[in-house]
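Biologist: Could you walk me through this one while I have it open? I'd like to go piece by piece, and I'll jump around a bit.

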Amino acid sequence: MLTIHCPNCGVTAEETEFHAHGEAHLKRFGPGSSEDDFESYLFMRKNPKGVHFERWHHRYGCGKWFHVARCTMTLEVFGSYTGQTSVPPQQIIDTIQDRRPDWVPAQDQA
Amino acid sequence: MKKYSVFAVAREAMRQHSGWDRAWRDAQPKAKYDVIIIGAGGHGLATAYYLGKNFGITNVAILEKGWLGGGNTGRNTTIIRSNYLQDPSAAIYEKSRSLYETMSQDLNYNVMFSPRGVIMLAQTEHEVRGYKRTAHANALQGVKTEFIDAQRVKELCPIMDIDGPRYPVLGGLWQARGGTARHDAVAWGYARACSDMGMDVIQRCEVTGIRQENGKVTGVTTNRGDIGCDKLGMVVAGHSGHLADMAGFRLPIESVALQALVSEPIKPCMDVVVMANTVHGYLSQSDKGEMVIGGGTDGYNNYTQRGSFHHIEETVRALIETFPMLSRLKMLRQWGGIVDVTGDRSPILSKTPVDGIFINCGWGTGGFKAIPGSGWAMAELMAKGRSPLTDAFGLERFTEGRFIDESVAAGVAH
Amino acid sequence: MSTRLATPGRLIDTSQPMSFSFNGKKLRGYRGDTLASALLANDQMLMGRSFKYHRPRGVVASGAEEPNALVNLGREGRFEPNQRVTTTELFDGLEATSQNHWPSLEFDVGAINARLSRFLPAGFYYKMFMYPRSFWKHVYEPIIRHSAGLGKAPKERDVDTYEHFHAFCDVLVVGGGVAGLQAALTAGKAGARVILLEQTDHWGGRAPVDGGVVDGASVDNFVDETLKALQSMDNVQLRLRTMGAGVYDHGYALGYERLTDHAPGSAGPRHRLWRIRAAQIITATGAIERPLSFAGNDIPGVMLASAVRDYVVNYGVSVGDRTVVVTNNDNAYLTAIALKNSGLSVPVILDARVLPDDRGLVAQAKALGIRVMMGHGVSSVKGGKRVTGVAICSQAGEGAVLEEIACDAVAMSGGWSPVVHLWSHCGGKLRWDTTHACFSPDVDNPPKGADGMGFVTPAGAASGMFALDDVLHDAHAAAEGVITCLDMKLPKEVTSPVAERREESPMAPVWMMPHGASAKLRAKSWLDYQNDVKVSDVRLAAQEGFVSVEHAKRYTTLGMATDQGKLSNINGLATLAGALDQDIPSVGTTTFRPPYHPISLGAIGGEARAEIFQPLRRTPLHDWHEANGAVFEPVGQWRRPYAFTRGSESTHDAVMREVTNTREKLGLLDASTLGKIIVKGPDAGKFLDMMYTNMMSTLKPGKCRYGLMCSENGFLIDDGVVARIDEDTWLCHTTTGGAERIHAHMEEWLQTEWWDWQVYVANVTEQYAQIAVVGPNARQALERLGGMDVSKEALGFMDWADGTLGGFNCRVYRISFSGELSYEIAVDASHGQAFWDALMAVGADLGAMPYGTECLHILRAEKGFIMIGDETDGTVIPQDLGLNWAISKKKDDFIGKRAQERSHMTDPNRWKLVGLETLDGSTLPDGAYAVGEGTNENGQRNMIGRVTSTYHSPTLGRGIAMGLVHNGPDRMGEVLSFPGTDGKTYEAKIVDPVFYDKEGEKQNV
């Protein structure tokens, strides 16, 4: 039973108010893209054991989408941030590295 | 290997059971094997077993980072059925179900396959149509099922309230030869049989790297040293993405927690397995008498084998509607397992971008029932390079858009 | 015999006698009794039968850890199996029956299993019952099932109710013993919001039973004073009869409150599930005494030493006249002393230890004249349904009997195990404490919360502190630590109380008694009483290679009974470690899973039952439908009329009448459930061009267009009519099931992909009542209402207009899902019923009748219109349905476009939509498949198509169907075979899917 912070309306609330929607910061590939790129965009997932950036929706709250950085092994939450960015903000990266010095962001996460 | 039988038990009883051997040898890794299977769960062990039994390949090691059968094989609700809609699913699950019928005799290990019958409840008109469609498809696929009316459902499962105020039971898809089995015994039986064929079942052996040369697999690195192989099978539900990452490819997979619970045991009151998809719950009674309840998955990636309690609440609440007697039973234990969910929620049995590496994963919430069929098909794929049972389950289907979608309920009527 | 003593117990009130029954026998007890103490007071030691061997069983413990004494309780709608007598408070009229025997508790045929036990070792069932194959299901399994199980299944609907509470606090303290009370007091004084839970009906735990001096007064006094202090604090909430059931991620904890179990039938819910969010949790859950493993340790009358003490001190009940105490630690001496002080006989204390000197309790016992045999133990217990004596042996030997002593009870103590369940539920690690031979919380590895910091702190015995003074100090320190974590300050003057220390000799681990017990003795030494797992079983598991603790547990079923191994786990683990020649910590433990103690499924379900199980959505016309013969079907959380029956008319006949009437005269449909989504803003047109396969930006205000929506994966997910309201406003209709889903889909794309586009979307579905007025008489009816011009010229097909009809403000869409002249009219939801009434009134002589969803389906099928959920199932693309005309070729991109370019999507061999007509006019079965030649490689019949919708059309007087067929549109006129599940094969011809009014003239009038 997670507690999640919504950066839009500012509340920290029960997981039941929210809904998770998988890996964040996927780049959309549309018509004209290669088979590989399109397949990766739709299906291939990092599914990491450890630090994970993911999309959440404040479904029974303000209705806004946002991002959460979370550990899939401990369920520790490093922070929430706006949905309107294609990479995690530096502050989140810093927080994670503070707590997990060995962690390095993937190429598309920096 | 000493044959198990009532006579053997009686003989041993006379000497305080001092004569029983280990069920499987405590093997040390050799330098090289023809085939290494990573993952000594049901699927991995079954793959090894059929490699030996059907193809004579016995120079095989099965590596397990923990204890064998300790993943989802030992954490599921043990339901066995094959009433799937799509051809490829029906083929592999029916193969599997039919292998369960004779598994105890094949392995000389009582896995307690109990073909007590499975009902999938129809509680909306939409489900009625869906299950009638499945019944038609199953008839052509060689899977014996029938659509039964609400009264018949009640006869088969008297503790059910078919007039439930919100979702009355309208009928159901009945597979009389579906049922349950003892999950641990499946893993133990296969491990014993593999060991007996000379294969090495190696527990507490964690793979930490995949060795390759020129795009071809040559072995694995483990906490117990390097082990070479010509072919490698990855059969590690829940951790497939992690292993694929080691081998340098990605998978269309997310790992999530699936939860289940059991009640305290009670005297027999339910002789069938019931699945209620409208309310997302399934229920059966174990031979010990516990009501075994399975529910849904969390929506987020999770490797903790713990889920969120509200899913348990939802499942229990929903089942009480259809099974009011549950209300006065008590939850004894709840637990979680990590399941791989693919892009179309059907499994992957496939070659991979690395020559010699094969992968079997993505069974989601339905893996236990598939163990023997999956092992059978995977062994054929690894031995011969292709299997009619796995053709449709290749990784390439995600590029081609050729999905195997069993959740054919995209929308509801106008 | 067990009996009530003259000296009163701490917890009972002898002025309030109560009557109850056990197996029909009328018995008496007092307020404050548990069912266990009351049964013992009536000399009812035999309380149940074990699971596997049906051995006679008596109560062994005094709390939640009880594995043996489980009973059926109550009757009818309040019947409940598997109630522990130790946690059941006695009430007047209580009815209990024993379990798991036939025909009676005293004489149980199943006890034959015990005679055969040598043939039934751990895992015997894996090795036999395999032949002949069919016997498992028909012979062996039924026998095993009937022999297993415990209580009876409840038969009737539960008459009680349940509820959920949400609570929030800074500090949740679980356990109302002295540690919990002290921890709550310290935290409370620091100003933290505290919730303190205690599972029993009284405070203080077992300290008052064991005695002691705190700050110069009795421990009873300490409990009273602390409680008073806590009760006076506004920031502290105290709950009795509330068990901490589980700890989950991020500080979520479950409390399980039993409100009326002790007073059935009183007002209010029976159980309450507390869902608590705590910033910090203190587990002051105490410890549980371990049994000793000696032969015959399961015979009724062999009990935990602490339980024997509890019954004497708390309930004034002696479990026997002559009690032999057997122990490996000082603590059990308290029992001997308590018994002696109550005037009961303790013939001997068998202490497995060899101590250098006598001090503390040992000296005290000796001073009371109790015989103490150091270095000795029990070789075996004598007796059947009741202890009759013990055979004494040296602990060091193999069990040679030195002496036999007659007794009727044995009080055993193998040491204490901290209750670490709650600590462990969410990942807290354990360490092996060699001094006390137990696992205790490894405080350096606590469960971690959302911030990655520990959020659980153990206190008192639960953290491995057993002396009273240590317990109180530890509890105070735990609270202090927690307060610091919360950035709160403890006032300086708040300090820990001080208790007098007892002189104590160390305990000595004893995992087998005697140490070298023979195989024969090991086969009679129980580890898990309920599941009948013995020392020999665990050793057999090790011998057979089940060396992982999880394997051993599963192979032997050790710890899998209803007590979840509270008494057996450590002893079993030690036995396994011994068999493997390993130390205990390297063998490890099994995982602790919630709940700590079983909790009712009713409580988990909570209030939401029957009518309020899920919300029911009602359209503004719902009541009218209900009053006018509607047969409802659930559609999502709505209920929609399937048809409106009249008098004795069948549902089928009603549907046929509705179709004919609508085709010939006038039908009214409540279409309010259709999704209505406003999309507005400067970029709305651009956005809708991405959402729909069609071009929506070019739609003119005042016009409607049928649109298709796909997922990014290419599949058709919804359809509906889109109306352009003004320059930057569109109204999108969705399917009934689609309203929320499509609204969310739009928001997702807007917020996560095109967040710079200026578009708002709003779901206005419930703001309107929408009524379809359908049939040749539709226009006439509207004209009679008067108001806006609804002529063909003013409002052509696929036009919409705002105006008034009969004085109602309305928006009228000239769209048709039936092929008839049709208007869909939206009015404010609050005017829906009045508008409907007005339509029915003016339409009365025009043949106006309501129609339901099934009629709607037939009307659309006759016209070859697809239905999301029938023609689509998540695997169908618009191209399969001949809807290429609705896919814009002019757009570079829309959601799903790239996906539809993949090889399988453009494959010419896809199944495509056609009409199907049976040769004999019958109706094709729902969901039937068409077969081709031969079988595939997996032996399945080759299929070449399937029925997606099938109806009897009253308009055409025959069966009509739609289906998806391999190369279908190129095979017009071909006859396909559809094998039914009824044994018949249906022949159907491939035809155009539009069966009726192919030119579309009727809707255009």
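Biologist: What comes right after helix 5 of chain B, and what is its phi?

Modeller: The residue that follows helix 5 of chain B is B:Gly142, and its phi is positive, near 80°. Please keep in mind throughout that this is a predicted model.

Biologist: And the helix itself, how far apart are its end C-alpha atoms?

Modeller: Helix 5 of chain B covers residues 125-141, and its end C-alpha atoms are 24 Å apart. That agrees with expectation, because 17 residues at 1.5 Å a residue should span 24 Å.

Biologist: Is helix 5 of chain B mostly covered or mostly open?

Modeller: Mostly covered, since 15 of the 17 residues in helix 5 of chain B are buried.

Biologist: Zooming out, what percentage of chain B is buried?

Modeller: Of the 414 residues in chain B, 68% are buried. The secondary structure of this chain comes to eleven helices and 18 strands, and its C-alpha atoms fill a box of roughly 65 × 65 × 40 Å along the principal axes.

Biologist: How does the radius of gyration of chain B sit against that of a compact globule?

Modeller: The two agree: a compact globule with 414 residues would have a radius of gyration near 22 Å, and chain B has 21 Å. As for the contacts in chain B between residues at least 6 apart in sequence, 75% of them join residues at least 24 apart.

Biologist: Switching to chain C, what is the order of the open sheet of three strands?

Modeller: The order is 23-24-25, and the pairing is antiparallel. Strand 23 (376-383) and strand 25 (403-406) of chain C are the edge strands, each pairing on one side only, and the twist averages 25° from one strand to the next.

Biologist: What holds paired strands together in general?

Modeller: Strands of a sheet pair through backbone hydrogen bonds, either parallel or antiparallel.

Biologist: How many bridges are there between strand 24 and strand 25 of chain C?

Modeller: There are four, with strand 24 (residues 387-394) and strand 25 of chain C running in the antiparallel sense. One residue pair to look at is C:Ile392, whose bridge partner in strand 25 of chain C is C:Glu403.

Biologist: Last topic, chain A: where does A:Thr12 lie, and why does it count as partly exposed?

Modeller: A:Thr12 lies in strand 2 (residues 12-14) of chain A. It counts as partly exposed because it has 13 C-beta neighbours inside 10 Å, whereas a buried residue would need 20 or more and an exposed one would have 12 or fewer.

Biologist: Which residues is A:Thr12 in contact with, leaving aside its neighbours within four places in sequence?

Modeller: With those neighbours left aside, A:Thr12 is in contact with A:Thr3 and A:His5.

Methods
Residues numbered from 1 in each chain as written. Chains lettered and ligands numbered in written order. Predicted model: local features only at pLDDT ≥ 70, side-chain atom pairs only at ≥ 80, totals over all residues. Helix = DSSP H or I, 4+ residues; strand = E, 2+ residues; numbered from the N terminus. Rg over C-alpha atoms; globule rule 2.2 N^0.38 Å. Contact = placed C-beta atoms within 7 Å. Pairing = 2+ DSSP bridges. Axes fitted to C-alpha atoms, helices over the stretch in contact; angles between N-to-C directions. Expected span 1.5 Å × (residues − 1).
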